[in-house]
Structures are given as structure tokens and as C-alpha cells.
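Welcome! Here is a short guided tour of a structure that may be new to you. Take a moment to look it over before reading on.

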Amino acid sequence: MAMIGENVKNFLRTVPQTNPFGEKITVVAAVKTQSPEAINEAIAAGITHIGDNHVQEFRDKYGEICGNPQRHFIGHLQTNKIKYLVGRCDLYQSVDRLPLAQELSKRSAAAGVVSNILLQINAGNEQTKGGFSFGEAEQMYSEIKKLPALNTVGLMAMLPQSDDGALLHGLAAQMRELYDRLAAQDGNFKYLSMGMSGDWQLCVECGSNMIRIGTALFGQRAAT
Ligand SMILES: *Cc1c(COP(=O)(O)O)cnc(C)c1O
């Protein structure tokens, strides 16, 4: 456990203050499968944002987390589970389809809250990943913008697993271009969430300002 505190401090020292666009970089700890003790260790060492992938884990651990970090949801979200998150999640990073956005807006309105969201983009056009394609992203942004109880504050993407640096740079740069186009018309845009333990440096170089880090903070996860 002491390892986690050290990993976190070392990692936070490694991350530059700003990306090449001069934007502050926010580190979100990806806490799937981690115990509340491990997460609290990371928070004590400087983590201020945590992201869960599974609603069950989000709920089970919710009351056990100390230090009042920002709570993000970063995994695939089924519409029938939204009710467990509404009012407790500071940022829904993985809004990857219109019906999910519609239901989240409906549930948020009923609870009297406005939910902050990112639109997930399937940058590598991978069948195994959710998200809007580059081609449909702007149209979907416009549709989702009409929903009353959502506040769209940026974009999220997971790049493909690949050793092809040129390919990854190209996709990350395409993400930044899309982000800039939308941010130019929407003053609420502030987050481009892109980058994990293996690719965050490349993503930050290309203009990401939010990175989601699991393995580099907590070590290798047990297979699930
Ligand atoms: C697990 C996960 C991460 C972090 O992955 P690591 O490679 O362990 O850093 C980031 N984003 C999402 C959506 C994840 O599920």
C-alpha cells in the first residue's frame, strides 16, 4: 500500500503543469478493482479526481472514500443504471450514444440537477469500443446540446492499443481538432480527456488536458 502513495507522488511529479496549449492537466485516477484503502492512499498522496468503470463499484465504495475527490464515471453506462449515479457523479466521461444522453438528461431533470458530461469519441473506429465516430460527432453534439439537464464540457477518447506512433499521433491530433472546433462555439468546453498509463505523454503532447491513469498509480490489475 505504501507503494501506491509513492507511485502517485512520483507520477504527479512527472506530469507537466500544462499541455502545449497552456492548459492545466487534470489527472483522474482510474480506480476500477481498487479497494477503498488503496484509493484513499492515492488521495492522501495528491489525487483529486477518481473515475470508476462499474456502477456497482461506484456505489459500494462511494461512502468509503475520504478527502472529497471529484467523482467521475468512465465506463460503459447502461441506461437502467443511471439512477444510481445521478446527483453523485461530478463528470460522466463516457456518454457514447444519444439514448444514454436523453435518459441521463431526463433523470437529472427529475432529480433537480444538471449533469456534466463528456462525449466519448471512438477515435480509432474500433468495434470493441463505444463512442461517436468523427463523422457523426458534431451532429450528435448539436442534438445533445438541446437536452435541458446536461452540460457538455468536452470530449473523451481511448486511443487504440498500437505501437504505431504515427497512427496514434494522427488520431490524437484529430481529437484535438474536433475539440477546438466545438470549443470555438461552446464556452463550456474545457476538457479533452485522452491518455492512459501507456499513451498519456503522446496524448498530452497532442493537446489532451485530462488523463485517466490506473496501472501507473496502482500497479498491474488482477485479471477480471
Ligand atoms: C482502466 C481505464 C483507464 C486507465 O488504464 P491504465 O492503462 O490502467 O492506466 C483509463 N480509461 C478508462 C476508460 C479505463 O477503463
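In the counts that follow, Ala, Val, Leu, Ile, Met, Phe, Trp, Tyr, Cys and Pro are taken as nonpolar, Asp, Glu, Lys and Arg as charged, and the others, Gly among them, as polar. Please keep in mind that this is a predicted model.

**The largest pocket**

Let us begin with the largest pocket, whose volume is about 660 Å³. It is lined by 29 residues, and those closest to its centre are K129, M158, L159, Q161 and M196. What is the make-up of this lining in nonpolar, polar and charged residues? The lining holds nine nonpolar, 13 polar and seven charged residues.

K129 also has a partner to look for: K129 and E126 form a salt bridge, with 2.7 Å between the closest N and O atoms.

**The ligand and its surroundings**

Where does the ligand sit? The space that the ligand takes up is the largest pocket. The residues around the ligand include A30, K32, I74 and S197, as well as the run R212, I213, G214 and T215. M158 and M196 also belong to this group, and both were named above among the residues closest to the pocket centre. By type, the shell around the ligand is made up of five nonpolar, four polar and three charged residues.

Three side chains place a polar atom close to an oxygen atom of the ligand, as the table lists.

| Residue | Distance from a polar side-chain atom to a ligand oxygen atom |
|---|---|
| N53 | 2.8 Å |
| T215 | 2.6 Å |
| R221 | 2.8 Å |

On its own, the ligand has 380 Å² of accessible area, and the protein covers 91% of that.

**A second pocket and a cavity**

The second largest pocket has a volume of about 240 Å³. Its lining includes L12, V15, P16 and Q17, then K24, I25, T26 and V27, and also G46, I47, T48 and H49. These lining residues divide into six nonpolar, five polar and one charged.

How many cavities of 30 Å³ or more turn up in the whole structure? The search finds one. The largest cavity has a volume of about 60 Å³. Among the residues that line this cavity are V31, I39, I50 and D52, together with F58, K61, Y62 and I65. R71 and H72 are part of the cavity lining too.

**Salt bridges**

To finish, we can look at charged pairs across the whole structure, where a search finds eleven salt bridges. One of them is the K129 and E126 pair met earlier. In another, the side chains of E138 and R181 meet, with 3.1 Å from N to O.

Notes: Residues are numbered from 1 along each chain as its sequence is written. This is a predicted model: local features need pLDDT of at least 70, side-chain atom pairs count only at pLDDT 80 or more; totals for chains, interfaces and linings use all residues. Side-chain values use heavy atoms; hydrogens and water are left out. On a 1 Å grid over the protein atoms alone, a cavity is a set of points where a 1.4 Å probe fits but cannot get out, and a pocket is an open set with protein on both sides within 12 Å along at least five of seven lines; lining residues have an atom within 4 Å of a point. Grid points are joined across faces, edges and corners, and a volume is the space filled by probe spheres set on the points. A residue is near a molecule or strand if one of its heavy atoms lies within 4 Å of it. A polar contact is a pair of N or O atoms within 3.5 Å; within protein, one must be able to donate a hydrogen and the other to accept it, and residues adjacent in sequence count only if both atoms are side-chain atoms. Accessible areas come from the Shrake-Rupley method with a 1.4 Å probe; for residues, only the protein chains shown count as cover. A molecule sits in a cavity or pocket if more than half of its atoms lie within 2 Å of its grid points. A salt bridge is a side-chain nitrogen of Lys or Arg within 4 Å of a carboxyl oxygen of Asp or Glu.
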